[in-house]
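Please open the structure in the viewer and keep the selection tool at hand. The tour proceeds by selections, each followed by a description of what is found there.

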Amino acid sequence: MKNGKMPRTSFREYTEILEQYGDLVTVDEEVDWNLEMGAMIRCAYEKPTPAPLFTNIKDSKSGFRVLGAPVGLCPNNEHPFLRIALSLSLGLPPESGILELVEAWSHLPEVTPIPPKEVASAPCKENKCLGDEVDLMSLPVPYLHVGDGGRYINTYGILIVQSPDGSWVNWSITRVMLHDKRTMAGVIVPSQHIGKIYEQWKALGQSMPFALCLGVDPGIAMIAGYPLPDGANEADLLGGWYGQPLEVVRCETHHLLVPASSEIVIEGVVSLEETVPEGPMGEYAGYTWVGHLKDIPCFHVQAMTYRNDPIMPVVAAGTPPEENHTNWGVAIAASIQHELRRHQLPVQSCFIPFESAVHWLVVTVDPSASYAESQALAQKIGEVVFACRGGSYIPKVIVVNNDIDPSCIDQVVWALATRSHPDKVIQFPNTQVLPLVAYLDQKEKKQASTTKVVYNCLSSDEWPRGYAPLQASFSGYPEEMQQRVHDLFEKLCKKEVQ
């Protein structure tokens, strides 16, 4: 262990660790890729259950397996965030609270980058298919939701692209739909990093090389969801996080370097002119916009390499919580927390409640810290949040005193209902936003701009000092009395069971 962090693992080792913790269930019975696998993964999120490992998928290449819900919540109440803690490689106990995980991950931008190390051979090269040998339709790619536009091969792998001058290598998670044996439809959003790099290749009139890596070290998937600034290389920062370089290996058909422990690597080029239809897909907000599709760039596949008996990760996006809310939500909250503290604001914690489907950010502040007045503080928090990259994903910010636990949705709802004065809601019109936010109209989606808000739930400046209300709750009683009550109820409940 280095710097208090666990040694990193491959995706395969991560799967084995989940089994050791009793958080994996192997499904050896044949499962249909057509909706059935998606239904089982959605059930695993919503109950929740251990992560399902499918070993026998109908009509699929022998030996290929699928791990569903790779970073969903664990059904064990003692450590519900086990998969997040293991994925972040933090070295924290599996029962760590979610705010501890956000706090640790918020320090990622402070590490000294360590570039990856290229190796000559790697597990992902155990099997190779080139040109016409590639048949993506033989892989266990699921048709996930009723109403989806097709089968989605990438829901939790990373897409790797590089700027033409080689200075910027971007690792990101973006959905990719199968089109046929050797072509895919990959979503490229202009405001995101993959879109900015794509425009650089377009300006040169050259197709953009890509690599899609399925089944990567879980830390790689976590950092791929982190809203880093333009030009930042995820591989370098994760190397700094681990304290040693990531091992990477060169692709078969172009210069891109991919994680050496990847389970499956699909490589090729993205066309500048050719498009294919994509969508809809059940998304992180919890909706499938049936019938909504668009033409997007065509990804031409030139090669595929893979480990023996590879394991693909599959996320069935939708109502919370799933990986868009655990991975993405934790990363966005962590990045914004770092930014607010960089601006020396009295922020104690940030959290995106999973139930909000990444539409709410809750910011807690220390009321004892000196600041002009509560409305000015809430205004400044909004300005910082909506100006940073992480804030582009968030349309609504709730600012509360630190007597509220932002990871407890009951407390957040109570604070929002009883402390937010309608006249003190702060609006930020014409602000950049991710077009996938659920309630946007078509004009807002096209412009990637909307009105965002900050709900000021801080103590009113008009309350007389010394007369601010106390919470009328169990936590307000003396600690000794709380313990006595707990002990008494425990004794009574045991007696009742007998």
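What covers the buried residues of H7? The cover includes helix H3 (82-88), helix H4 (98-105), strand S8 (169-172) and helix H6 (218-224). Please bear in mind throughout that this is a predicted model.

**The whole chain**

Begin with the entire protein chain selected. It contains 12 helices and 21 strands. Along its principal axes, the C-alpha trace spans about 75 × 65 × 45 Å. For 498 residues, a compact globule would be expected to have a radius of gyration near 23 Å; the chain has 24 Å, so the two agree. Of these 498 residues, 55% count as buried. Among contacts between residues at least 6 apart in sequence, 73% join residues at least 24 apart.

Now display the surface. About 21700 Å² is exposed, and carbon and sulfur atoms supply 51% of that area. If the charged side chains are coloured, 38 positive and 59 negative ones appear, and the centres of the two sets lie 2 Å apart.

**Helix H7**

Next, select residues 234-242, which form helix H7. Nine of its nine residues are buried, and the helix is accordingly described as mostly covered. Charged residues are among those buried here: Glu234 and Asp236 are both on the list. The buried residues also include Leu237, Leu238, Trp241 and Tyr242. Show helices H3, H4 and H6 together with strand S8 to see elements that contribute to the cover.

**Beyond the end of H7**

Move on to Gly243, which follows H7 and has a positive phi, near 85°. Then select Pro245, in the loop between H7 and strand S12 (247-250). Is Pro245 buried or partly exposed? Its relative accessible area is 29%, so Pro245 is partly exposed. Add Lys117 to the selection: Pro245 and Lys117 are 128 residues apart in sequence, yet their C-alpha atoms are 5.8 Å apart in space.

**Asn327 in helix H8**

Finally, select Asn327, which belongs to helix H8 (residues 323-342). Asn327 has a relative accessible area of 2% and is therefore buried. Which residues is Asn327 in contact with, leaving aside its neighbours within four places in sequence? They are Tyr156, Ile173, Ala221, Met222 and Gly225. With Tyr156, the side chain of Asn327 also makes a polar contact of 2.8 Å. Two of the contacting residues, Ala221 and Met222, fall within helix H6 (218-224), the helix already seen as part of the cover of H7.

Key
Residues numbered from 1 in each chain as written. Predicted model: local features only at pLDDT ≥ 70, side-chain atom pairs only at ≥ 80, totals over all residues. Heavy atoms only, no water. Helix = DSSP H or I, 4+ residues; strand = E, 2+ residues; numbered from the N terminus. Rg over C-alpha atoms; globule rule 2.2 N^0.38 Å. Buried < 20%, exposed > 50% of the residue type's maximum accessible area, 1.4 Å probe, protein only. Contact = heavy atoms within 4.5 Å. Areas by Shrake-Rupley, 256 points an atom, 1.4 Å probe, with all protein chains shown as cover. Charge placed at Lys NZ, Arg CZ, Asp CG, Glu CD. Polar contact = N/O pair within 3.5 Å; in protein donor to acceptor, adjacent residues only side chain to side chain.
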